[in-house]
Amino acid sequence: MKANRAASGQSGEACAASPRRIVPHAIYRRLGDRVFGALVLVLGSSIALLTVAMGLVLYRQGGAPIVRDGFFGFLFQTTWNPVTGEHGAWPFVVGTLITSFGALSIAFLPAIAVGIFSAEYAPRRVAAAINYLVDLLAAVPSVVIGIWGIFVFAPWMRDTFYMPAFYWARESAAWLLPVLGTPTSYNILTATLLLALMITPYTVALTRDAVRMVPREQREAAQALGSTHWEMIRMSVLPYARGGIVAGVVLSLARALGETMVVAMLIGNSNRLPYTLFGPAANMPSVIANEFREAVEPTHVTALMAVGFYLFLITFAVNLIAAYIQKRLNVGGRIL
Amino acid sequence: MTLRFRHIRDYAVRAVLVLCTVCLVAPLLVIIGYVLVNGISALTPAFFTEELGSPARAMQGRPTGLFHSIVGTVVIDLLALSFAAPVGMGAGIMLSEYSENPLNGPIRILTGTLNGMPAILMGLLAFSLVVRPTGRFSAVAGSVALAFVMVPIIARSVESVLRTTPWSLREVGLALGLPRWRVIVSTVLPAARSGILTGVLIAFARAAGEAAPLLFTSFGQNYLNLDIRRPMDTLPQRLYSLAISPYQEWHAMGWAAAIVLLLFVMACFLAARALSRAHGGRDA
Amino acid sequence: MRIPAITNANRRVPVAPGLMVATVVLLLTVVPASVEAGGAQETDQPATQAARDAGRPDVDVEGAGASFPAPLITAWADEYRDETGGRVTVNYQSIGSGGGIRQFLEQTIMFGATERHLTDEQIEEIEEKTGGTAFNIPITLGSVAVTYNVPGVSEGLVFTGDVLVDMFRGEIETWNDSRIRELNPDVELPDLPVQIVHRSDGSGTTAVFTDYLSKASEWWEEEVGFATSVDWPRGTGANGNEGVAGVVQTTPGALGYNSLVYATLNDIAYGAVVNRSGEPVLPDLASTSAAGDVELPPDTRVSITDTPAADGYPIAGFAWVMVYERLDQNRAIRTRDQAEELSRFLYWIITDGQEFSEPLDFARLPEAAVERAEEMLSRLTWDGERIGEEVR
């Protein structure tokens with residue numbers, strides 16, 4: 001773009017007082033428009049290209065197990081044994097589903113609550129502070145949360161919950177022991193809790209925006225009927241803001257599906273199908289992060305790429321839904 | 001349903017909302033607190049001037065630090081930005097200014113979609129497109145992966161910023177007889193400059209914190225390296241390695257690295273906010 | 001009507017990009033220069049070495065692989081950098097034995113390190129691709145300690161191979177089982193269930209440990225096998241040495257395995273294992289080195305678990321560096337200088353470098369291994385020249 005500006009050789013500054021109209025050369029006009037338009041189009045479609053490339057490359061590189069076992073065959077196979085060469089994605093798909101939906105179910109109500117509080121209840125300064133902190137939470141790199149999780153949160157969870165529960169179960173409820181497993185604290189529950197914390201900002205932000213956009217007339221209508229603050233919100237604001245809230249929740253889900261580092265550091269990394277929340281597991285991004293560099297056999301590498309492909313499909317679908325909802329309901333495009 | 005009941009309910013709801021807010025905000029403050037407290041002791045001058053070397057260095061008390069990781073982070077992120085900024089801005093301009101283009105709708109949706117995709121997939125893509133063909137891990141591969149992360153963010157923010165510039169700007173250009181491209185370049189873009197910069201800063205901060213895509217692209221390096229065709233160390237990926245290592249001294253350095261990362265992200269974040277407030281106040 | 005003039009006058013140049021650029025320029029020029037200067041001052045090399053090194057270009061060597069020998073290899077890298085006056089920088093990234101092998105096969109690194117030597121198939125593949133073989137150069141030895149957490153019992157509990165197999169298998173369920181008591185008549189063993197802890201990530205430590213278990217029990221060999229990552233019959237998986245150590249330390253009744261270096265570093269109780277000669281041997285530097293002091297094949301690709309050596313610890317293994325015989329065929333090695341320096345570094349490792357092993361709790365290579373290693377290194381070639389001979 002800068003090259004275009006320089007190449008033209010003519011200054012664009014208007015001489016508003018001059019009686020002579022500047023007539024740009026036709027080539028300058030048409031060629032410039034053509035070139036710029038083409039350039040912008042190419043750059044813009046690179047986004048589409050990027051998405052397509054991602055899907056294509058992952059499929060090409062990871063296609064072998066999918067072709068061999070079938071799309072659903074590979075997906076639902078439960079053994080992941082690099083030694084014997086059997087690879088199935090199901091343990092990680094289950095891990096992903098449990099952690100993401102688990103985190104979502106823990107986080108979405110509090111997040112909506114914070115959004116409503118910030119937009120409706122809090123005095124301006126407090127709301128500004130809350131918004132700032134929530135945005136900051138979204139900005140904290142996940143490795144930082146991960147290191148805090150490993151050295152502070154997981155030991156704390158172990159000492160406060162897991163160990164006491166384990167000891168108690170050993171004395172009084174031995175049948176619970178298989179469920180509680182060994183209290184290592186690197187398990188699904190720990191990872192899910194931290195994940196829940198990390199995904200709240202997206203819901204908070206979109207809820208806040210959606211609530212703020214509710215027109216005054218709606219609120220006044222409810223207030224005119226003599227409603228309390230909460231009743232007004234429940235009756236007139238929330239239904240109106242429903243779309244934005246849903247968009248926020250779906251966006252949080254999308255983020256939860258793809259979170260890699262925190263999960264890789266805290267979930268215990270087991271390749272078996274998880275059978276308890278207190279036991280180790282893995283999700284799709286974390287198994288790729290953990291095993292990709294180490295995979296020796298070519299089948300292992302392609303299996304990991306195949307897992308990446310499934311991850312691509314799932315996150316693409318969820319993000320598409322979120323983007324669609326946002327577009328339909330015209331909620332502001334947040335950069336978060 | 002007495003009035004009294006409704007008032008109590010109102011009060012109760014407010015209490016719950018406040019509780020939720022505290023439960024959300026408190027952990028963040030706790031995290032930041034722990035990072036600062038645990039890391040501050042390892043933030044020695046050596047941390048900023050020495051390279052990592054071997055764990056023996058740390059265990060034997062010899063000088064060791066993350067200078068090379070900090071430099072590597074700056075180099076890789078700036079390189080990524082140089083790849084991503086033109087592409088992102090071009091995409092943003094297209095989405096905002098050329099809305100008659102039939103590709104506009106799909107690309108807008110795809111931008112929004114890409115925005116939320118896991119960064120590790122970008123790493124896998126960069127691995128396949130750069131590492132495999134060139135046969136080596138390199139800083140360039142890492143930059144490409146981060147560029148993939150940055151592009152949708154920049155595109156989205158550029159688009160929204162350009163949309164908020166008043167139409168009168170374009171009218172001015174058109175009234176002067178400027179061609180369309182000139183209108184965009186000379187009237188719209190300069191007016192949106194701080195907004196664009198905000199978006200770029202945010203994308204930069206986001207990408208700077210990503211570790212997953214760098215694990216198998218820029219790999220890792222224990223010494224200072226400025227050759228972008230070879231592996232280079234970065235703070236987030238090094239932080240991960242330090243955290244899962246078995247050495248106490250390295251854990252301490254990991255906390256210090258977390259401080260540096262956190263401060264860096266917060267600085268970008270604050271700069272972006274300051275810029276957007278300035279932009280908001282300056283209506284053309 | 002006043003048209004707003006969009007001139008340079010009222011365009012404010014944002015400070016931020018300018019500052020960023022200035023900072024980067026500063027960082028990229030001033031600081032590396034001072035680092036170079038600082039690095040060069042660090043050495044006090046003898047005059048002859050300096051004379052020999054004069055005129056040789058700076059070389060970067062890239063390697064990756066097992067995490068077990070990583071502290072030693074990176075310490076060697078540090079020392080070697082000083083030795084050569086900052087000229088040769090060896091970058092070693094610890095990504096696991098499996099990773100080392102894979103990156104070595106894909107030729108993205110100049111040398112790999114592993115606790116599991118290359119298989120015959122892998123060597124065949126390399127011979128087809130490059131016309132030369134790949135050497136497994138032993139660089140150190142490591143032991144796997146059997147770690148446990150039994151309240152009231154300190155270090156030194158005695159185990160045998162089949163007792164271990166049965167514990168890991170679930171046939172022995174409590175610590176006061178008769179077979180364990182038989183081996184430890186003087187120890188008060190509580191009625192505590194055995195909680196097995198194993199690695200969930202791929203690891204050379206696992207490979208060595210399962211290799212020993214496979215030799216100790218046919219059942220294990222058939223049902224589980226040995227590899228960097230296996231399908232354990234029971235137990236909890238933990239990530240990395242520290243993961244296993246963490247679980248063992250906090251779980252009464254836990255039984256796990258760790259590299260010896262790690263166990264001693266973190267003060268975890270570990271036991272003695274009865275070796276082939278019938279002696280219960282505690283893992284330490286001496287018994288580890290002794291385990292390797294056996295008849296070695298020329299390519300040293302051998303497992304030394306269940307060693308015939310009289311005072312050798314039975315769960316030990318070599319750590320190898322893998323390097324292509326025909327260095328020019330390795331895509332990662334681009335210049336003759338790199339090949340030369342790599343060979344030189346490898347020689348240094350198995351000779352002078354062994355000085356640094358024991359202070360870091362790694363066992364020295366026994367003479368037999370050093371001989372074999374030197375022989376292999378002398379066969380390294382670059383474009384047909386026996387570069388290995390040259391650098392001796």
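Surface patches are made here of residues with over 30% relative accessible area and no salt bridge, like charges being joined within 9 Å. In this predicted model, a negative patch of that kind is formed by Glu297(A) together with Glu121(C), Glu124(C), Glu125(C), Glu127(C) and Glu128(C). One of these residues, Glu125(C), is found in helix α5 of chain C, which spans residues 120-130. The relative accessibility of Glu125(C) is 40%, and Glu125(C) therefore counts as partly exposed.

Chain B consists of 12 helices and 0 strands, so that, read from the N terminus on, its elements run α-α-α-α-α-α-α-α-α-α-α-α. Taken along the principal axes, the C-alpha atoms of chain B fill a box of roughly 70 × 70 × 30 Å. Of the 284 residues in chain B, 65% count as buried.

In chain C, by contrast, strands are present, and an open sheet of 3 strands is found with the order β5-β9-β10 and with mixed pairing. Strands β5 (158-159) and β10 (280-281) of chain C stand at the edges of this sheet, and because each has a single partner strand, one side of each is left without a neighbour in the sheet. Strand β5(C) is joined by 2 bridges to strand β9 of chain C (residues 272-274), and the two run parallel. Within this pairing, Phe159(C) has Val273(C) in β9(C) as its bridge partner.

Salt bridges were counted over all chains, and the count comes to 36. In one of them, Arg179(C) is paired with Asp166(C), the closest N and O atoms being 2.7 Å apart. This pair links distant parts of the chain, since Arg179(C) lies in helix α7 (residues 178-183) of chain C and Asp166(C) in helix α6 (residues 161-169) of chain C, the two residues being 13 residues apart. The two partners fall into separate accessibility classes: Arg179(C) is partly exposed, with a relative accessible area of 28%, whereas Asp166(C), at 11% relative accessibility, counts as buried because buried means under 20%.

A salt bridge within one helix is formed by the side chains of Asp211(C) and Lys215(C), at 3.9 Å from N to O. Both residues lie in helix α8 (residues 204-216) of chain C, where they are 4 residues apart, or about one turn of the helix. Here the acidic partner, Asp211(C), counts as buried at 9% relative accessibility, while Lys215(C) is partly exposed, with a relative accessible area of 42%.

In a further salt bridge, between Arg301(C) and Asp299(C), the closest N and O atoms are 3.1 Å apart. In this pair the basic partner is the buried one, as Arg301(C) has a relative accessible area of 19%, which is under the 20% limit, whereas Asp299(C) counts as partly exposed at 31% relative accessibility.

Beyond these pairs, salt bridges in chain C also link residues into a network, which comprises Arg87(C), Arg336(C), Glu340(C), Glu341(C), Arg344(C) and Glu385(C).

Conventions. Residues are numbered from 1 along each chain as its sequence is written. Chains are lettered from A and ligands numbered from 1 in the order in which they are written. This is a predicted model: local features need pLDDT of at least 70, side-chain atom pairs count only at pLDDT 80 or more; totals for chains, interfaces and linings use all residues. Side-chain values use heavy atoms; hydrogens and water are left out. Patches are made of residues with over 30% relative accessible area and no salt bridge: like charges are joined within 9 Å, nonpolar side chains (Val, Leu, Ile, Met, Phe, Trp, Tyr) within 5 Å. Accessible areas come from the Shrake-Rupley method with a 1.4 Å probe; for residues, only the protein chains shown count as cover. A salt bridge is a side-chain nitrogen of Lys or Arg within 4 Å of a carboxyl oxygen of Asp or Glu. Lys and Arg count as positive and Asp and Glu as negative; His and the chain ends are not counted. The place of a charge is taken as NZ of Lys, CZ of Arg, CG of Asp or CD of Glu. Buried means under 20% relative accessible area, exposed over 50%, partly exposed in between (1.4 Å probe, protein chains only). Two strands pair if DSSP finds at least two bridges between them.
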